[in-house]
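Trainee: I should like to go through the reasoning behind the labels used for this structure. Please set each value against its criterion.

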Amino acid sequence: MRIDCEHVWEHISAYIDGEVDAALRAEIDKHLETCEICSAVLDSTRNVVVLVADGRVFELPAGFSERLHERLEAELQSSEK
Amino acid sequence: MAKAANPQFEAECIRRILAGEHHLFHELIRPCEHSIYFLLLSILHNEADAEDAAQETAIKVFRNLHMFRGDSQFKTWVLSIARNEGLGRLRKNDRLREDSLEALTGEDSGDFTPAVLTSWREVPSEALEKKELAGLIRGAIEDLPDIYRNVVLLRDIEEMDVCETAATLGVTEGAVKVRLHRARALLQRKLAHKLKPFAPKRGLFGRGR
């Protein structure tokens with residue numbers, strides 16, 4: 001069975017996460033060898049996933065942690081009384 | 001991004017806090033701060049509200065610590081409390097939208113085909129030093145429908161596994177996988193062309209920087 005591009009796209013996320021079974025992975029790999037579109041779609045999706053996970057994209061607001069622990073400290077102190 | 005949870009440290013910490021060493025709670029909650037805030041920001045769409053709700057969540061976690069049974073991961077339990085806090089505030093403000101309740105209606109609508117490209121030059125993580133790039137990515141995630149954004153947040157940003165994500169959001173593991181796939185497709189579609197200018201230029205002799 002030769003799989004088509006749409007079939008590959010359906011499994012891209014699972015492929016990136018290593019969650020496709022060996023037979024499907026082999027089919028997808030074979031397709032990728034000759035399909036520049038799917039290769040580019042896979043590479044760009046993987047690149048997006050890596051960039052999204054980078055800590056520099058979602059940084060806590062300045063002073064967030066200090067304010068949180070200050071408020072917590074007040075709560076912890078009052079619960080000790 | 002997310003700090004690795006250490007169940008032994010957590011269990012010991014919880015035992016000692018419950019025995020009266022309250023100051024240890026600061027260390028217990030610290031590894032969850034990032035996830036709590038961004039999950040609440042994802043639900044409330046407002047930084048000041050998310051921060052206040054995050055503080056309230058931490059206080060609720062402390063007050064209810066004796067209720068933690070250890071049958072889920074501590075962080076999963078904490079994030080369920082954060083999510084309830086967020087949804088409770090939406091309800092109070094009468095801003096509760098269908099998708100915040102993880103409603104299944106309309107879940108299949110939308111086009112999840114990726115942006116079609118013929119080649120891709122990788123954008124290295126260092127490019128994120130440019131505020132513009134980080135802003136583009138943040139914007140694309142913020143624009144995702146709630147059900148997809150929450151899953152990307154927990155799976156790809158907070159690096160929780162499928163099972164913990166499903167437990168936090170109260171959906172099945174299958175739903176987490178489908179939503180993550182669609183969210184990534186929507187992000188690729190939205191970002192692929194915008195990211196291209198951030199890739200290093202090719203030099204005359206192969207890859208330049």
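Mentor: Let us begin with burial: a residue is called buried under 20% relative accessible area, exposed over 50%, and partly exposed in between. Please keep in mind that the model is predicted.

Trainee: Why is Phe68(B) called buried?

Mentor: Phe68(B) has a relative accessibility of 16%. The limit for burial is under 20%, so Phe68(B) counts as buried.

Trainee: What makes the pair of Phe68(B) and Phe74(B) edge-to-face?

Mentor: Two rings pair if their centres lie within 6.5 Å, and planes over 60 degrees apart count as edge-to-face. For Phe68(B) and Phe74(B) the centres are 5.5 Å apart and the planes stand at 80°, so both conditions are met. Phe74(B) is also buried, at a relative accessible area of 1%.

Trainee: How many aromatic pairs does the structure hold over all chains?

Mentor: The structure holds 8 aromatic pairs over all chains. One of them joins Tyr37(B) and Phe38(B): the ring centres are 4.9 Å apart and the planes lie at 85°, so this pair is edge-to-face. Tyr37(B), at 1% relative accessibility, counts as buried, and Phe38(B) is buried with a relative accessible area of 5%. Ring pairs further link Tyr37(B) and Phe38(B) with Phe58(A) and Phe64(A) into a cluster.

Trainee: How do you know that Arg25(A) lies over the face of Tyr15(A)?

Mentor: The distance criterion asks that CZ of Arg be within 6 Å of the ring centre, and there is an angular limit of 35 degrees from the ring normal. Arg25(A) is at 4.2 Å from the ring centre of Tyr15(A) and is assigned to its face.

Trainee: What makes the contact between Glu75(A) and Arg63(B) a salt bridge?

Mentor: A side-chain nitrogen of Lys or Arg must be within 4 Å of a carboxyl oxygen of Asp or Glu. The N to O distance for Glu75(A) and Arg63(B) is 2.8 Å, so their side chains meet in a salt bridge. Between chain B and chain A the count is 7 salt bridges, and 22 residue pairs are in polar contact.

Trainee: Which element gives the most to the side of chain B that touches chain A?

Mentor: H4(B) gives the most, with 9 residues. As to the interface as a whole, 54 residues of chain B are in contact with 42 residues of chain A. The area buried between the two chains is about 4500 Å², and carbon and sulfur atoms give 65% of that area.

Trainee: Why is Asp161(B) called partly exposed?

Mentor: Its relative accessibility is 35%. Partly exposed covers the range between 20% and 50%, so Asp161(B) receives that label. Asp161(B) is found in the loop between helix H7 (146-157) and helix H8 (162-169) of chain B.

Trainee: What does the side chain of Asp161(B) reach?

Mentor: The side chain of Asp161(B) reaches the backbone nitrogen of Cys163(B) at 3.2 Å; the limit for a polar contact is 3.5 Å. In addition, Asp161(B) and Glu173(B) are 12 residues apart in sequence and 9.7 Å apart in space, C-alpha to C-alpha.

Trainee: What is the secondary structure of chain B?

Mentor: Chain B has 9 helices and 2 strands, in the order α-α-α-α-α-α-α-α-α-β-β along the sequence. Of its 209 residues, 51% are buried.

How values were computed: Residues numbered from 1 in each chain as written. Chains lettered and ligands numbered in written order. Predicted model: local features only at pLDDT ≥ 70, side-chain atom pairs only at ≥ 80, totals over all residues. Heavy atoms only, no water. Phe/Tyr/Trp six-rings, centres within 6.5 Å; stacked < 30°, edge-to-face > 60°. Buried < 20%, exposed > 50% of the residue type's maximum accessible area, 1.4 Å probe, protein only. Helix = DSSP H or I, 4+ residues; strand = E, 2+ residues; numbered from the N terminus. Polar contact = N/O pair within 3.5 Å; in protein donor to acceptor, adjacent residues only side chain to side chain. Contact = heavy atoms within 4.5 Å. Buried area = accessible area lost by both parts, 1.4 Å probe.
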